[in-house]
Amino acid sequence: MAKTIQDLIIGLKAGELPTVEDLSQLLAVRGNDSRLLLQAADSVRSAVMGNAVHIRGIIEFSNICRNDCLYCGIRRSNKAVSRYRIPDEEILETAAHAKEWGCGTVVLQSGEDPYYVAERISKLVRAIHAMDLAITLSLGVRPRAELRAFREAGADRYLLRFETSNRAHFARLHPDAPIEDRIRCLSDLRELGFQVGSGFMIGLPDATLEDVARDLLFTRQLQLDMIGCGPFLAHPDTPLRNSGQLPEKSVYYHVIALLRLLNPHAHIPATTAFDALDKESGRNRVLEGGANVFMPNLTPGKYRKQYLLYPNKPCVDEEGGACMLCIRGRLHSLGREIATGRGDAWRLTNAERSNA
Ligand code: SF4
């Protein structure tokens with residue numbers, strides 16, 4: 001007898017590994033089944049990760065990239081972007097503000113910018129580490145020796161999304177390097193002792209629900225500490241400008257719920273792109289359906305409009321202090337509080353339970 005949606009959700013909560021067909025069915029649920037799925041994810045998030053939301057402040061310190069990923073607004077072929085690098089002193093000043101504003105973590109993010117050699121990044125990492133902040137890097141694919149240097153300088157975590165586990169899609173969308181480079185980098189990061197984050201873009205052109213289901217299963221296979229996924233949003237200055245959205249918006253939210261059910265111990269952010277999908281409410285809906293991390297943009301205001309990976313990015317006219325006030329209001333309205341401390345990976349902060 002075919003399993004009902006309720007059976008599938010109960011199985012997921014019990015830790016059963018679903019099939020691609022099971023997940024495709026769950027992604028497409030509607031009405032009451034959709035509500036059941038989101039509620040299940042929220043209850044697992046609450047039971048495993050608690051009620052508090054970790055705040056990780058992002059500093060987008062360079063929009064220069066040597067790559068030409070087809071979906072990305074700062075790809076090297078986009079001549080409509082004014083390129084910038086934030087001076088080191090200003091990056092450190094922003095990190096110090098992040099600490100004052102209550103962030104436990106600073107995320108340094110950039111395109112793949114060759115100007116930032118290992119020593120330059122390591123110097124920034126050492127200075128931020130001395131401020132007693134956890135540091136996440138999101139700098140693209142780097143050689144193992146550079147990753148080791150970042151780790152030795154004090155970097156705690158690294159984010160590198162695989163974007164799609166479908167090799168043919170990956171190759172079409174990323175003309176510069178094969179998926180194997182990313183997989184190799186993710187494995188190096190784990191071996192070097194980083195807390196590892198990855199994820200994928202939801203609703204890429206040509207992706208079927210089965211592709212999304214395989215991406216979900218791949219996150220579980222990678223045993224990630226952090227999983228960031230956001231909707232594909234067609235940027236007008238890219239070759240994918242005419243590509244549309246998934247026919248059912250709810251699928252984007254089901255992805256986050258299923259991420260939580262498949263990876264109960266992972267830190268899962270409500271990524272900014274959800275507010276571009278659903279103005280001002282997208283991230284709230286994600287926080288109510290499995291997510292436990294919020295990543296405010298702390299990039300100084302004068303640079304923000306030049307770091308548009310996708311269109312209609314929210315908060316580009318704000319400054320970091322205003323973002324933090326806004327977040328407090330949002331979380332309060334959802335009955336959630338701001339977490340204190342660094343918000344390290346569950347396996348590190350619960351080592352005893354992990355070993356039991
Ligand atoms: S997605 Fe990342 S690597 Fe690709 S072009 Fe954009 S910034 Fe560069």
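**A parallel sheet, its helices and a ligand shell**

Strand 5 and strand 7 (residues 226-227) run parallel and are joined by two bridges. Ser198 takes part in this pairing, and its bridge partner in strand 7 is Ile227. These two strands are a good place to start reading the model, which is a predicted one. They belong to an open sheet of eight strands, with parallel pairing and the order 7-5-4-3-2-1-10-9. The edges of this sheet are formed by strand 7 and strand 9 (269-270), each of which pairs on one side only. As a reminder for the reader, strands of a sheet pair through backbone hydrogen bonds, and the pairing can be parallel or antiparallel.

The sheet can now be followed from strand 5 along the order given above. Strand 5 covers residues 195-198, and its residues point in two directions: Gln195 and Gly197 one way, Val196 and Ser198 the other. This fits a simple rule, since in a regular strand the side chains alternate between the two faces of the sheet. Are the residues of strand 5 buried or exposed? Gln195, Val196, Gly197 and Ser198 are all buried. Strand 5 also runs parallel to strand 4 (residues 157-159), to which it is joined by three bridges. Here Tyr158 has Val196 of strand 5 as its bridge partner.

Further along the sheet, strand 2 (residues 105-110) and strand 3 (residues 134-138) run parallel, with five bridges between them. Two residue pairs help to trace this contact on the structure: Val106 stands opposite Ile135 in strand 3, while the bridge partner of Gln109 in strand 3 is Ser138. Strand 3 is mostly covered, with four of its five residues buried.

How many residues of strand 1 are buried? In this strand, which spans residues 54-62, the count is nine of nine. Strand 1 pairs with strand 2 in the parallel sense over six bridges, and Arg56 stands opposite Thr105 in strand 2. Strand 1 also pairs with strand 10 (residues 293-294), again in the parallel sense, over two bridges. In that pairing His54 finds its bridge partner in Val293 of strand 10.

Attention now turns to the helices. Helix 9 (residues 209-222) and helix 10 (residues 250-262) pack with their axes 10 Å apart and at an angle of about 30°. Their crossing is right-handed. Which residues meet where these helices pack? Helix 9 contributes Val212, Leu216, Thr219 and Arg220, and helix 10 contributes Val255, Leu258, Leu259 and Leu262. Sorted by class, this contact holds six nonpolar residues, one polar residue and one charged residue.

Asp188 offers a view of how distant parts of the chain come together. This residue sits in helix 8 (residues 179-191). Asp188 and Ala145 are 43 residues apart in sequence, yet their C-alpha atoms are 9.5 Å apart in space. Once neighbours within four places in sequence are set aside, Asp188 is in contact with Arg144 and Leu147. Why does Asp188 count as buried? It has 20 C-beta neighbours inside 10 Å, and a residue with 20 or more of them is buried by definition.

Two loop residues deserve a look for their backbone angles. Glu163, in the loop between strand 4 and helix 7 (167-173), is not a glycine but has a positive phi of about 70°. Asp206, in the loop between strand 6 (201-202) and helix 9, is likewise a residue other than glycine with a positive phi, near 75°. Which of the words buried and exposed applies to each residue? Glu163 is buried because 22 other C-beta atoms lie within 10 Å. Asp206, with 12 C-beta neighbours inside 10 Å, counts as exposed, because the exposed class takes in residues with 12 or fewer.

Finally, the model contains a ligand. Its surroundings include three cysteines, Cys65, Cys69 and Cys72, together with Asn67, Ile74, Arg75, Gly111, Glu112 and Gly140. By class, four residues of this shell are nonpolar, three are polar and two are charged.

Note on methods. Residues are numbered from 1 along each chain as its sequence is written. This is a predicted model: local features need pLDDT of at least 70, side-chain atom pairs count only at pLDDT 80 or more; totals for chains, interfaces and linings use all residues. Two strands pair if DSSP finds at least two bridges between them. Axes are lines fitted to C-alpha atoms, for helices over the stretch in contact, and angles run from 0 to 180 degrees between N-to-C directions. A crossing is left-handed if the near helix is turned anticlockwise from the far one by less than a right angle, and right-handed if clockwise. Two residues are in contact if their C-beta atoms, placed from the backbone, lie within 7 Å. Ala, Val, Leu, Ile, Met, Phe, Trp, Tyr, Cys and Pro count as nonpolar, Asp, Glu, Lys and Arg as charged, and the others, Gly among them, as polar. A residue is near a molecule or strand if its C-beta atom, placed from the backbone, lies within 6 Å of it.
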